[in-house]
Amino acid sequence: MFLWVIQRDLLLAMRQRADVLTTLFFFIIVVSLFPLGVGPEINMLRAMAPGVMWVAALLASMLSLERMFSSDYLDGTLEQMLLSPQPLSLVVLGKVLAHWLVTGVPLVLIAPVLGIQFNLPMDALLVLTASLLLGTPVLSLIGAIGAALTLGLRGGGVLVSLLVLPLYIPVLIFGAGAVEASSVGLGASTHLSLLGAFLLASLVFAPWATAAALRISME
Amino acid sequence: MAINWFKYSSPASFYSLAGKMIPIFSITTIALFVMGLYTGFFVAPTDFQQSEAYRIIFIHVPAAWMSMFLYLVMASWAAIGLAFNTRLSSMIATAIAPTGAMFTFLALWTGALWGKPMWGTWWVWDARLTSELILLFLYIGFMALQAAIDDPRRADKAGAVIALVGVVNIPIIYFSVKWWNTLHQGATVSLTQSPKMATTMLTGMFIMALACWMYSIVVVLMRTRTIILERERHTTWVSELQGTA
């Protein structure tokens, strides 16, 4: 069931490739806007790069949250999933994983290329990619709770940002902090371990909370 | 003697109970505020380091305490409402949110007013200030979510989920001054050590904290009564209430 959900969501995403690419290009455009906005001074850009990339990743991941459940909700598939004998949290975990594969992984892959634009050194690029790799699944997991709660509400998109962004802040702080710590020579391992801890904790609690939220929204 | 604890979990009987409790708590609130403000402004000595500016703690610290405490109370009522499907608990949670948000804002604002002369800046991005700001966002998110849902029962439950998820933030705020080296000073008052400030200052602060607590109770009871009336407007007891009034 778990694998089936992932497979199905990936297939659906591949059928509508434009959606996936929109998120990716949104990320690229937002990141590219900053040098234009603050000027091409290379030292300042290098200092800003981790924060900029992380904020852009946050926004990109949030924009695509609505799609996680809404199409299934509209055509009634979600209702069938709720009725299935398998635990709902497992279904949710599958959907979240598919969401991450479609929106998170491309960001992680493109991030080093964008980092080169900001003249980041090699080890900072590595840390940035590692922090995004650990952090973006957390964003999908936490975001799923918000997406489930706002399912079918008017103004859902704006509401999701209000609910989810405050909860994203710790991930942002430690994600961007990891790159910063490694560039001043403190080593990124503490920040990365904390991100790993966030990932594990949200893996345990988020699918469960999302399942509860879905049941509330589908009543 | 067996007390029927569940009697007042019915909105109708709680409505009249709250009506009787409001005057008692209002008088307590006013008395405590008068006492606390008097102690704060006239009894407590001037601080040798911060001179008169420190007096902001008489509202800043109680507001910060209440902001965290009210979130916990709100989340626990929301959880009770979610777990036992009791209408009244969720109504109380809804009623607490605006007061909690107000205290959070007050803590941030008074902190900024104090920070300008003491730190030379209105705002710093340190852990405690940031996490208190997140708390304000959580309150706003809770209220926005409930406002966006038309069905009150769904609003209660959805709010409960988001409130419970946000509880993670409370220990982070509370321990932020211990975990990180922040500009915000560490706790001056703790349960395990003797206080590091003059007794009159401490008394004033505690009286103000109690006053804020009583104030929250009054406001929450009043708001709960309004919510009860709004939600139960189709029931007979409300129309009887209107007939007699």
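**Exercise 1. Describe the side of chain A that touches chain B: how many residues does each chain give to the contact, and which elements of chain A take part?**

Step 1. The contact draws 16 residues from chain A and 15 residues from chain B; two residues are in contact if their C-beta atoms, placed from the backbone, lie within 7 Å. This is a predicted model, in which local features need pLDDT of at least 70 and side-chain atom pairs count only at pLDDT 80 or more, while totals for chains, interfaces and linings use all residues. Residues are numbered from 1 along each chain as its sequence is written, and chains are lettered from A and ligands numbered from 1 in the order in which they are written.

Step 2. On the side of chain A that touches chain B, the elements giving two or more residues are helix H7 (122-149), helix H8 (156-183) and helix H9 (189-218) of chain A. Helices (H or I, at least four residues) and strands (E, at least two) are DSSP runs, numbered from the N terminus.

Step 3. H8(A) gives the most to this side, with 6 residues.

Step 4. By class, this side of chain A has 13 nonpolar, 1 polar and 2 charged residues. Ala, Val, Leu, Ile, Met, Phe, Trp, Tyr, Cys and Pro count as nonpolar, Asp, Glu, Lys and Arg as charged, and the others, Gly among them, as polar.

Step 5. For the complex, the predictor gives an ipTM of 0.80 and a pTM of 0.84.

**Exercise 2. Check the span of H7(A), then find where its kink lies.**

Step 1. The expected span is 1.5 Å times one less than the number of residues. For the 28 residues of H7(A) this should be 40 Å, and the end C-alpha atoms are 41 Å apart, which agrees.

Step 2. A kink of about 25° lies at A:Leu133, shortly before the proline A:Pro137. The bend at a residue is the angle between axes fitted to the seven residues ending there and the seven starting there.

Step 3. H7(A) is largely enclosed by the rest of the structure, because 22 of its 28 residues are buried. A residue is buried if 20 or more other C-beta atoms lie within 10 Å of its own, exposed if 12 or fewer, and partly exposed in between, with C-beta atoms placed from the backbone.

**Exercise 3. Repeat the check on helix H3 of chain B.**

Step 1. Helix H3 (residues 87-119) of chain B has 33 residues and should span 48 Å; its end C-alpha atoms are 47 Å apart, which agrees.

Step 2. H3(B) has a kink of about 25° at B:Ala97, shortly before the proline B:Pro98.

Step 3. Just after H3(B), B:Gly120 takes a positive phi of about 80°.

**Exercise 4. Which residues have the most contacts inside the largest nonpolar core?**

Step 1. A nonpolar core is a set of buried Ala, Val, Leu, Ile, Met, Phe, Trp, Tyr and Cys residues joined through C-beta atoms within 7 Å. The largest one has 130 residues, and A:Met53, A:Ala213, B:Met74 and B:Val161 have the most contacts inside it.

Step 2. Not counting residues up to four places away in sequence, A:Met53 touches A:Val31, A:Ala111, A:Leu114 and A:Leu128.

**Exercise 5. Is B:Phe142 buried or exposed, and which residues does it contact?**

Step 1. B:Phe142 lies in helix H4 (residues 127-148) of chain B. With 29 other C-beta atoms within 10 Å, B:Phe142 is buried.

Step 2. Leaving aside neighbours within four places in sequence, B:Phe142 is in contact with B:Ala97, B:Gly159, B:Ile162 and B:Ala163. B:Ala97 is also where the kink in H3(B) lies.

Step 3. B:Phe142 and B:Gly159 are 17 residues apart along the chain, and their C-alpha atoms are separated by 5.7 Å.

**Exercise 6. Where do A:Asn119 and B:Asn85 lie, and are they buried or exposed?**

Step 1. A:Asn119 is in the loop between helix H6 (88-117) and H7 of chain A. A:Asn119 counts as exposed, with 12 C-beta neighbours inside 10 Å.

Step 2. B:Asn85 is in the loop between H2 and H3 of chain B. B:Asn85 is exposed, with 12 other C-beta atoms within 10 Å.

Step 3. Most residues other than glycine have a negative phi. A:Asn119 has a positive phi of about 60° although it is not a glycine, and B:Asn85 likewise has a positive phi of about 60°.
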